[in-house]
Amino acid sequence: MILMALNFAFVAVALSQLLAMLRLVKGPNTGDRILALDTMVINAIALIILLGIRLGTDVYFESAMIIAMLGFVSTVAIARFVLRGDIIE
Amino acid sequence: MLSRLLPHPLLTILLSLVWCLLVNEIKLGTVVFGVILGLLIPIATAAYWPDRPMFSRPWKMIGYMVLVLWDILVANVVVAMIVLFKSNKNMRPQWVVIPLDLRKPEAITMLAGTITLTPGTVSADLSEDGRTLLVHALDADDPDAVRDDIKQRYERRIKEIFE
Amino acid sequence: MISLSDLGTISEIIVSALLVIGGFFTLVGSIGLLKLDNSMSRLHAPTKASTLGVGSLLMASMVYAFAAGDGSLHEVLVMAFLFVTAPISGNFIAKANMHRLRNKPDLPPPPPPPDHVWSTYSEK
């Protein structure tokens, strides 16, 4: 049963990654593209966690943590660049 | 003297806890090292953070967090239903203006974060004098109802925690 | 293929339910991102649905680890980090939207507050 649920979650998260990528390509303005990138980072974290459950190891959590931090910092950096034309003032 | 050694007591507790979670085991060694880090880091960074955020009733945080988590769960289902089954034409996005009673920056930050996390509303902007919050609601018939709900449900409780 | 470890029936049901809920909400977040028709509305779906989705997947992982015998708690850390940072990045993206889209029909201007101005969204 867990295997079926895991496969469902893998498919759902991969599909949502694709949809977010579509918005990234389509996105009429910059804010949409930033949002799509942010969503993709969160989905990537979800995929890593699922892989961690599937392979039964613990090592993937450090990478999930690091990707969460990098994703947040890069989202804020891009948004700030759009807002002020500069990142560190 | 005590305030120089322990500039931010809550930060010390938080840092020790985070260290134990990062190492992912609870042994005497990790706890001691976590407490050492929790004592040293606030002292080293105290120069950049001279004011202390004062909670007057920190224990009320726990009840507030439980309330917010529950609201996140309920409201997520509501937003999922809106996203899946409501056509774009029937949706009524609205701007909601919330006059604030809170004055401390930490309290306003917490209110804005709560508003964003509970689905259906995103806090978008603050007025220049910090007395009004601009909130975008995904699907609201009556902006006044949203405003009153936020003021009743969250702002009153945050005010109790901070003042 | 590594086989999944064998759990009791109850924890198996809990883990499966959490996995399905997590996958579902992540998907709903991205569907909303694609479906909604203006920039500010689009902000709503992913910032929250995805947070709950990933939170639920992390819970599944935690329950699984506990049921399999080597309990770990650092999923809580990732979850707390996501819940703290999601509003901040959402707010930044909202500000970027308002900055780029002012006076465009996509984003009707918000009502001006009584006798003061918004810090990002001002007519100046």
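Visitor: What share of the contacts in chain A with a separation of 6 or more comes from residues 24 or more positions apart?

Guide: Residues 24 or more positions apart account for 42% of those contacts in chain A. Keep in mind that this is a predicted model. Chain B can be read the same way: there, the share from residues 24 or more positions apart is 66%.

Visitor: How many helices and strands does chain A have?

Guide: Start with the list of elements, then look at their order. Chain A has 3 helices and 0 strands, and from the N terminus on they simply run α-α-α.

Visitor: Is chain A spread out or compact?

Guide: The idea here is to set the radius of gyration beside what the globule rule gives for a chain of that length. Chain A has a radius of gyration of 15 Å, whereas the rule gives 12 Å for its 89 residues, so chain A is more spread out than a compact globule. You can also picture the box that its C-alpha atoms fill, which is roughly 50 × 30 × 10 Å along the principal axes. As for burial, 43% of the 89 residues of chain A are buried.

Visitor: How many residues of chain A are in contact with chain C?

Guide: In general, the size of an interface is often given as the accessible area lost when the parts come together. Here we count residues instead: 46 from chain A are in contact with 48 from chain C. On the chain A side, H1 (2-26), H2 (30-55) and H3 (60-84) each supply at least two residues. The largest share comes from H2(A), with 17 residues. Sorted by class, that side of chain A has 32 nonpolar, 9 polar and 5 charged residues.

Visitor: Now for chain B. In what order do its elements run from the N terminus on?

Guide: Chain B mixes both kinds of element, with 6 helices and 3 strands. Their order is α-α-α-α-β-α-β-β-α. The radius of gyration of chain B is 20 Å, well over the 15 Å that the globule rule gives for 163 residues, so chain B is also more spread out than a compact globule. Its C-alpha atoms fill a box of roughly 60 × 40 × 25 Å, and buried residues make up 28% of the chain's 163.

Visitor: Which domains does the assignment give for chain B?

Guide: The domain assignment gives domain 1 (2-48) and domain 2 (60-162). Taken over C-alpha atoms, the centres of these two domains of chain B are 33 Å apart.

Visitor: In what order do the 3 strands of chain B form their open sheet?

Guide: With a sheet, ask for the strand order and then for the pairing. In chain B the order is E1-E3-E2, and the pairing is antiparallel. E1 (94-99) and E2 (121-126) are at the edges with a single partner strand each, so each has one side without a neighbour in the sheet. From one strand to the next, the twist averages 30°.

Visitor: Over how many bridges do E2(B) and E3(B) pair?

Guide: E2(B) and E3(B), the latter covering residues 132-137, pair over 5 bridges. Among the partners, B:Asp125 is matched with B:Leu134, and B:Leu126 with B:Leu133. The hairpin of these two strands has 5 residues between them, and B:Gly130 takes a positive phi near 70° there. Also, as a general point, side chains in a regular strand alternate between the two faces of the sheet.

Visitor: How many of the residues of E2(B) are buried?

Guide: The count is 6 of the 6, so E2(B) is largely enclosed by the rest of the structure. Helix H5 (residues 105-117) of chain B lies across E2 and E3, running at about 145° to E2(B).

Visitor: How many residues of chain B are in contact with chain C?

Guide: The count is 33 residues of chain B, in contact with 39 of chain C. H2 (9-23), H4 (60-85), E1, H5, E2 and E3 of chain B each supply at least two residues of this side. H4(B) gives the most, with 6 residues. By class, this side of chain B divides into 20 nonpolar, 10 polar and 3 charged residues.

Key:
Residues are numbered from 1 along each chain as its sequence is written. Chains are lettered from A and ligands numbered from 1 in the order in which they are written. This is a predicted model: local features need pLDDT of at least 70, side-chain atom pairs count only at pLDDT 80 or more; totals for chains, interfaces and linings use all residues. Domain bounds come from an automatic or database domain assignment. Two residues are in contact if their C-beta atoms, placed from the backbone, lie within 7 Å. Helices (H or I, at least four residues) and strands (E, at least two) are DSSP runs, numbered from the N terminus. Ala, Val, Leu, Ile, Met, Phe, Trp, Tyr, Cys and Pro count as nonpolar, Asp, Glu, Lys and Arg as charged, and the others, Gly among them, as polar. Two strands pair if DSSP finds at least two bridges between them. Axes are lines fitted to C-alpha atoms, for helices over the stretch in contact, and angles run from 0 to 180 degrees between N-to-C directions. A residue is buried if 20 or more other C-beta atoms lie within 10 Å of its own, exposed if 12 or fewer, and partly exposed in between; C-beta atoms are placed from the backbone. The radius of gyration is taken over C-alpha atoms; the globule rule is 2.2 Å times the number of residues to the power 0.38.
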